[in-house]
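Work through the exercises below with the sequence and the coordinates at hand. Each task is followed by a stepwise solution.

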Amino acid sequence: MKEYNVLQYGAKGDGVTNDSFAIQHAIDDCAKNGGGRVVLQSGKVFYSDSIRLKQNVDLHIQKGARLKATANIDGYIRPNKLINDPKTALIGNPVTGKPSFVFIYGYGAHGCMISGEGVIDANGHAFVQRKDRYYVTGEFYPRPTAIYVENSKNITFKDFTVVDAPFWTLHPAGCDDVLIDKIRILNDLDVANSDGIDPDHCSNVRILGCHIECADDCICLKTTKGNSEYGNCENIIIQGCTLISTSAAIKIGTEGVGDFRNIIVSDCIISRSNRGLSIQIRDGGSVENVSYSNIMIETRRFCPDWWGTAEPIVITSLNRDENTKSGKIKNIRFSNITAKGENGVLIYGSKDNLIEDVTFENCRVTLSKTSKWDCGLYDLRPCLDWGVEKLDNSAFFIRYAKDITIMKTKTAWGEKCESYKYALDAQDVERLELIRFEGEAAQYGDDSIKLNNVRMVR
């Protein structure tokens, strides 16, 4: 593989000089010559405006090298100025549209790669201000996305570390054949919207062996309105990751105008998170064929600013607003899950949109109070009719569902609060099957299981 040394293109690597022109020149030459590797050398800090990835170029950040984003927003690529497409009218909405500002950007960059054991410093604190002790938000909104690659095939992100993202960290959109392998994302746990990895309308994605610490979601599958010209989010493998989040460690939704299907999550450890595994549907997209296995989850409530009340597993489909009907959720499997936290499993559909065909096998759910924040709550945000609801906490809390199976599963209690109640609290469920389900009530003398309008499978 031919290598291109950015120092030979005039980069200084002194952490002060803006090296973007030299880095981009090297990338452009590499692409023009059919591809290769552009090298950022060890021991250097390359301070830079935005750079654009190109086809078949490997941006290689050596161990000990740092690529640091500029603090000047005028130095950032604005995708809406680069893509001649009327659909980019949605650009500017920080969540549902395409990014307004991007540090590392690629479009049609087939075969591109970011590699090496160096650091991408997204310089997020140049763009935020503190809201309170627990929460930092944008000095202006939207803040820059750290890495955004759109409409690209056969792309790879491998071995590097990203720190201090001001907004979403790694956002592939409309991409096929995406490999994300052994990267680290280390964002502050109080910076709002600093998601880790957000595959958006992507297919054939492998997220393997990553360690992610971030505010908001560590890994979140999306089908945003801003990228609705692309297909569904499907054929996804998430394996061997360690995750810490102030929102959900692994989430499907909330932005979901397209469908999600054929997703496998396995061999992960989730710790110190506000939520563990979440399927959160609020738009027209549906979810089917999802398997979670061999996962350990520890949750605690982080603070009221974040969605979630320490639920280790959440499956909800609720209408976002009067004009948006949520999609269907069906065929979801959980096996060999160990969950310990301040809240229990939440499944919540609606009268005209039941959550279907969910199985728990060989699972253990333990509720134990560890934080100073209130218990006796479930968080159903965002949606038309509900918010953070005052409801007693149970190991399993199920509303509006059908074909639910819980087998070879145990529940337990650790440090209790007064709002802890049942091993299972189910209402408005068609065909609930319990096979070797074990659990006691939190309070001595209470029933362990509470059922209301539930048809059991005998």
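Strands here are DSSP runs of E with at least two residues, numbered from the N terminus. The model is predicted.

**Exercise 1. Place glutamate 298 and describe its surroundings.**

Step 1. Find the element. Glutamate 298 belongs to strand β27, which covers residues 287–299.

Step 2. Assign the exposure class. The relative accessible area of glutamate 298 is 47%, so this residue is partly exposed. The class runs between the 20% and 50% cut-offs.

Step 3. List the contacts, leaving out neighbours within four places in sequence. Glutamate 298 meets Ile270, Ser271, Arg272, Ser273 and Lys340.

Step 4. Take one distance. Cysteine 218 is 80 residues away from glutamate 298 along the chain, and their C-alpha atoms are 14 Å apart.

**Exercise 2. Describe the overall build of the protein: how many helices and strands are there, and what is the radius of gyration?**

Step 1. Count the elements. The protein has 37 strands and two helices.

Step 2. Compare with the globule rule. The radius of gyration is 23 Å, and the rule gives 23 Å for 458 residues, so the protein is as compact as a globular protein of that length.

Step 3. Add the box. Along the principal axes, the C-alpha atoms fill roughly 75 × 40 × 40 Å.

Step 4. Check burial and contact range. Of the 458 residues, 60% are buried. Take the contacts between residues at least 6 apart in sequence: 75% of them join residues at least 24 apart.

Step 5. Look at the surface and the charges. About 17,400 Å² is exposed, and carbon and sulfur atoms supply 44% of that area. There are 55 positive and 60 negative side chains. The centres of the two sets are 1 Å apart.

**Exercise 3. Which residues have the most contacts inside the largest nonpolar core?**

Step 1. Start from the general expectation. In soluble globular proteins, nonpolar side chains tend to be buried together.

Step 2. Name the residues. Ile147, Tyr292 and Phe334 have the most contacts inside the largest core, which holds 108 residues.

Step 3. Find the main contributor. Strand β35 (residues 396–413) gives six residues, the largest share of this core.

Step 4. Note the separate core. A second core has eight residues, among them Leu318, Tyr378, Leu380 and Cys383.

Step 5. Inspect phenylalanine 334. Beyond four places in sequence, Phe334 touches Leu277, Tyr292, Ile313, Ile315, Val358, Thr359, Phe360, Glu361 and Cys363.

**Exercise 4. Is isoleucine 315 buried or exposed, and which residues does it touch?**

Step 1. Locate the residue. Isoleucine 315 sits in strand β28, residues 313–317.

Step 2. Apply the cut-off. Buried means under 20% relative accessible area. Isoleucine 315 has 0% relative accessibility, so it counts as buried.

Step 3. Read the contacts, again beyond four places in sequence. Isoleucine 315 touches Ile279, Ile329, Ile332, Phe334, Leu346, Ile347, Tyr348, Ile355 and Val358.

Step 4. Take one pair. Isoleucine 315 and isoleucine 355 are 40 residues apart in sequence, with 8.1 Å between their C-alpha atoms.

**Exercise 5. Where does glycine 43 lie, and is it buried or exposed?**

Step 1. Locate it. Glycine 43 is in the loop that links β3 (36–40) and β4 (45–48).

Step 2. Classify it. Exposed means over 50%. Glycine 43 has 62% relative accessibility, so it counts as exposed.

Step 3. List the contacts beyond four places in sequence. Glycine 43 contacts Gly64 and Ala65.

Step 4. Take one distance. Leucine 384 is 341 residues away along the chain, and 53 Å separates its C-alpha atom from that of glycine 43.

**Exercise 6. Inspect the backbone: which peptide bonds are cis, and which residues other than glycine have positive phi?**

Step 1. Check omega. The bond between glycine 253 and threonine 254 is cis, with omega about 0 degrees. Threonine 254 is in strand β24 (residues 248–256). Another cis bond runs from arginine 381 to proline 382, with omega near -15 degrees. Proline 382 is in the loop between β33 (377–379) and β34 (388–390).

Step 2. Check phi. Asparagine 56 has phi near 65 degrees. Aspartate 267 has phi of about 55 degrees.

Step 3. Place both residues. Asparagine 56 is in the loop between β5 (51–52) and β6 (57–61). Aspartate 267 is in strand β25 (residues 260–273).

Step 4. Classify them. Asparagine 56 is partly exposed, at 37% relative accessibility. Aspartate 267 is partly exposed, at 37% relative accessibility.

Terms used:
Residues numbered from 1 in each chain as written. Predicted model: local features only at pLDDT ≥ 70, side-chain atom pairs only at ≥ 80, totals over all residues. Heavy atoms only, no water. Helix = DSSP H or I, 4+ residues; strand = E, 2+ residues; numbered from the N terminus. Rg over C-alpha atoms; globule rule 2.2 N^0.38 Å. Buried < 20%, exposed > 50% of the residue type's maximum accessible area, 1.4 Å probe, protein only. Contact = heavy atoms within 4.5 Å. Areas by Shrake-Rupley, 256 points an atom, 1.4 Å probe, with all protein chains shown as cover. Lys, Arg positive; Asp, Glu negative; His and termini not counted. Charge placed at Lys NZ, Arg CZ, Asp CG, Glu CD. Core = buried A, V, L, I, M, F, W, Y, C linked by side-chain atoms within 4.5 Å.
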